[in-house]
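Visitor: I'm new to reading protein models. Could you walk me through this one?

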Amino acid sequence: MSGNVQLLNDTLAAAKSEGRAALIAYLPAGFPTVTGGIEAVKAALDGGADVVEVGLPHSDPVLDGPVIQTADDIALRGGVRIADVMRTVREAHEATGKPILVMTYWNPIDRYGVERFTAELAEAGGAGCILPDLPVQESALWREHADKHGLATVFVVAPSSKDARLAEITAAGSGFVYAASLMGVTGTRESVGAQAEDLVRRTRATTDTPVCVGLGVSNAAQAAEVARFADGVIVGSAFVKRMLDAPDDAAGLEGVRALAADLAKGVRGRA
């Protein structure tokens, strides 16, 4: 069975044709439970997200902040497994028809087996994988199997990436390019936003693949700011925080749905 890279490509192209950025939500599998995590993904999509990244919880999520680390810890203590991640992808995609990716560090895939992981992700209806710590020069095996199974390979670029490095990364990736930066604390957002905008400009000079930005966005106004220069706005911690801060699971799901609706207005310039 082939994965849904084409659905991802079509979804991003449709947003562009509407003159807006896509809204990409991130939520970890197994948080607060496996079933609760599936409902959270569906709530984000129902609220207005175009795409969801399902996080594969990791015991040492070095690139994630404290909010996502807390959710990962809850999921891991609950016994989440790769099979639960695949179930999350399958049930969310079947319920919504929207593209679902997995975001994971390389080590769990390496231990699980690249062929097995890509085959199962495609079978579950997944659209691809975001691999923040897999060096491009070590990615040939992954890309071979991802291509065979119709899955996107999304690599991460950062403001520190030199232009030649950006070209190397974008040539190897597919689906979209994940441009990582930080919104920063109040008072520094203007300069950090300019840094992110410059990263998008430099990345676009190397590729026609959409460039989506993860910037610590947490509200519609910030989403609109990033949507002005990016093809997609990626929001993770703000969704997870809604779940963590909620008095119960039902309130958490409503919080996720409401935030997605608010951010959806932002990427459409209606904030």
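Guide: Here we talk through confidence, one strand, and the empty spaces. This is a predicted model, in which local features need pLDDT of at least 70 and side-chain atom pairs count only at pLDDT 80 or more, while totals for chains, interfaces and linings use all residues. Residues are numbered from 1 along each chain as its sequence is written, and side-chain values use heavy atoms, with hydrogens and water left out.

Visitor: OK, what pLDDT does the chain average?

Guide: The protein chain averages 92, and 94% of the residues score at least 70; pLDDT is the predictor's confidence in each residue, from 0 to 100.

Visitor: And where does pLDDT stay under 50?

Guide: That happens over residues 184–188, for which the model has 1 contact beyond four places in sequence, a contact being heavy atoms within 4.5 Å.

Visitor: Switching topic: is strand E1 mostly covered or mostly open?

Guide: E1, residues 22–28, is mostly covered, with 7 of its 7 residues buried. Buried means under 20% relative accessible area, exposed over 50%, and partly exposed in between, using a 1.4 Å probe and protein chains only; strands (E, at least two residues) and helices (H or I, at least four) are DSSP runs numbered from the N terminus.

Visitor: Which strands does E1 pair with?

Guide: E1 pairs in the parallel sense with E9, residues 232–235, over 4 bridges, and 5 bridges join E1 to E2, residues 51–55, which also run parallel. Two strands pair if DSSP finds at least two bridges between them. In E2, Glu53 stands opposite Tyr26.

Visitor: What lines the largest cavity?

Guide: There are 11 lining residues, of which Tyr26, Asp64, Met103, Thr104 and Tyr105 lie nearest the centre, and this cavity holds about 80 Å³ of space. On a 1 Å grid over the protein atoms alone, a cavity is a set of points where a 1.4 Å probe fits but cannot get out, whereas a pocket is an open set with protein on both sides within 12 Å along at least five of seven lines; lining residues have an atom within 4 Å of a point.

Visitor: How about the second largest pocket, which helices supply at least two residues of its lining?

Guide: Helix H4 (82–96) and helix H5 (106–112) each do so, and the largest share, 3 residues, comes from H5. About 210 Å³ of space lies in this pocket, and the residues lining the pocket include Leu56, His58 and Arg111.

How values were computed:
Points joined across faces, edges and corners; volume = space filled by probe spheres on them.
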